[in-house]
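Work through the exercises below with the structure open. Try each task before reading its solution.

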Amino acid sequence: MGNMDQFIIHPDSSSKLASKTDHHFLFEDGSQLPVFNGTPILFGSESIFTAEDVLQSKTTTQDAEHLDNANFKNYIRRKLLPQLCTDFRIEKRYKELSDLLSPGSKVLIIGAGEKITYYRDTFPNAEVITSDVHNQFRPDYVFDGHFIPFAAETFDMVLAAQVIEHTINPWLFCTELQRITKIGGLLQIEAPQTFPYHAEPYDFFRFTFTGMRSLFPECDVVKSEITEGSAAAVAVMISNYWINIATLKPIRHFMLLISRLLLGWMKYLDGRNIAVNKRTVAMPKGYAFTFKKDGIRRKSAALLEVFYGLKH
């Protein structure tokens, strides 16, 4: 079995992996789950996703065609037009995380999407394991984050960027993230507070600062920051309004073009290092939280202490 396969458990029974073939993972309790084109498909029975979704290449949380820059319209939208929001600190933030990891640390990426190579390059000294709920970009494993098929305390860091809003039960999802993280390990969680409905129908929640903190009671907050601020949020909302007042597709495309050209500069008003404080906490586009698992089960009141420690 592969290096990480020794930590695999069945998402329903928690039975350990016994053996594998080219087509199945076989577990100690006699159950089995499929392997498709070399990728283990490890959905539990309660997941909203199924192995059939993967076998039939059903579009779920991402559409590879929408990201294909060989398509002229995609190339214009993704490469030539100004973006309305940019996470200016992401490279520095991930470099800081990488520096905290010991060589050979096990890092699990939840919802790696099309950025599999990016994550491996970003954490070069770690053993990076990628995952998603689809197989469009060939992650190491396909599974549902509500039922993670890894044993407790397997990973030194778990990263879920722009994923938690797509979970139908974020409380269960975050419990699972904490379960599989080692004591002293890190959880990097990034999610929007203000962003239009997207990846429908798999878009369920938005998160305030204290709402996000409340989901990780077994962790201390190492750091928190706003990824894209209020100006970017305003630009996105105005653009979304202009696009949606049109019903004809050519006009919607024109509105997208105009809004990007007219509003793409606004993100620079947010600056490159926005501190989280009681004024900006009301309306950022997104948060980046770095948690450290200490295993201390905090009561609800204790989870608010970090907010009262913020700047006025």
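## Exercise 1: a helix and its surface patch

Leu262 sits in helix α8, which spans residues 249-263. The model is a predicted one.

**Task.** State whether Leu262 is buried, partly exposed or exposed, and find which residues make a nonpolar surface patch with Leu262.

**Solution.**
- Step 1. Take the relative accessibility of Leu262: 48%.
- Step 2. Compare it with the cut-offs: under 20% is buried, over 50% is exposed, and partly exposed lies in between.
- Step 3. Leu262 therefore counts as partly exposed.
- Step 4. Phe254, Leu257, Leu261 and Leu262 make the patch, with an area of about 370 Å².

## Exercise 2: cysteines

**Task.** Find how many disulfides the structure holds, then check Cys174 and Cys219.

**Solution.**
- Step 1. Searching the whole structure gives zero disulfides.
- Step 2. For Cys174, the nearest cysteine sulfur is that of Cys219, 9.3 Å away.
- Step 3. For Cys219, the nearest cysteine sulfur is in turn that of Cys174.
- Step 4. A disulfide needs the two sulfur atoms within 2.5 Å. Neither Cys174 nor Cys219 is in one.
- Step 5. Check the burial. Cys174 has a relative accessible area of 0% and is buried. Cys219 is buried too, at 0% relative accessibility.

## Exercise 3: the two sides of α3

**Task.** Sort residues of α3 into buried and exposed, and find what the buried ones pack against.

**Solution.**
- Step 1. List the buried residues: Ile90, Arg93, Tyr94, Leu97 and Ser98.
- Step 2. Look down the axis. These residues span an arc of only 140°, so they are on the same side of α3.
- Step 3. Turn to the other side of α3. Lys92 and Asp99 are exposed there.
- Step 4. Find the packing partners of the buried residues: α4 (116-122), β8 (155-161), β9, β10 and β11 (286-293).

## Exercise 4: salt bridges of Arg93

**Task.** Find how many salt bridges the whole structure has, then trace those of Arg93 to Glu190 and Glu225.

**Solution.**
- Step 1. The search of the whole structure returns 16 salt bridges.
- Step 2. Arg93 pairs with Glu190, at 3.1 Å from N to O. Arg93 is in helix α3 (residues 90-100) and Glu190 is in strand β9 (residues 181-192), so this pair ties together parts 97 residues apart in sequence. Both Arg93 and Glu190 are buried.
- Step 3. Arg93 also pairs with Glu225, at 2.7 Å from N to O. Glu225 lies in strand β10 (residues 219-228), so the bridge to Arg93 in helix α3 joins parts 132 residues apart in sequence. Both partners, Arg93 and Glu225, are buried.
- Step 4. Follow the shared partners. Asp87, Arg89, Arg93, Glu96, Glu190, Lys223 and Glu225 form one network.

## Exercise 5: a second salt bridge pair

**Task.** Give the N to O distance between Lys58 and Asp53, and classify each residue by accessibility.

**Solution.**
- Step 1. The closest N and O atoms are 3.9 Å apart, and Lys58 forms a salt bridge with Asp53. The cut-off is 4 Å.
- Step 2. Lys58 has 40% relative accessibility and counts as partly exposed.
- Step 3. Asp53 has a relative accessible area of 12%, so Asp53 is buried.

## Exercise 6: contacts of Val221

**Task.** Place Val221 and find which residues Val221 touches.

**Solution.**
- Step 1. Val221 belongs to strand β10.
- Step 2. Its relative accessible area is 16%, so Val221 is buried.
- Step 3. Leave out residues up to four places away in sequence. Val221 then touches Arg213, Phe289, Thr290, Phe291 and Val306.
- Step 4. Take Thr290. Val221 and Thr290 are 69 residues apart in sequence, with their C-alpha atoms 6.2 Å apart.

Definitions and conventions
Residues numbered from 1 in each chain as written. Predicted model: local features only at pLDDT ≥ 70, side-chain atom pairs only at ≥ 80, totals over all residues. Heavy atoms only, no water. Buried < 20%, exposed > 50% of the residue type's maximum accessible area, 1.4 Å probe, protein only. Salt bridge = Lys/Arg side-chain N within 4 Å of Asp/Glu carboxyl O. Helix = DSSP H or I, 4+ residues; strand = E, 2+ residues; numbered from the N terminus. Patch = residues over 30% accessible without salt bridge, like charges linked within 9 Å, V, L, I, M, F, W, Y side chains within 5 Å. Areas by Shrake-Rupley, 256 points an atom, 1.4 Å probe, with all protein chains shown as cover. Arc of directions from axis to C-beta. Contact = heavy atoms within 4.5 Å.
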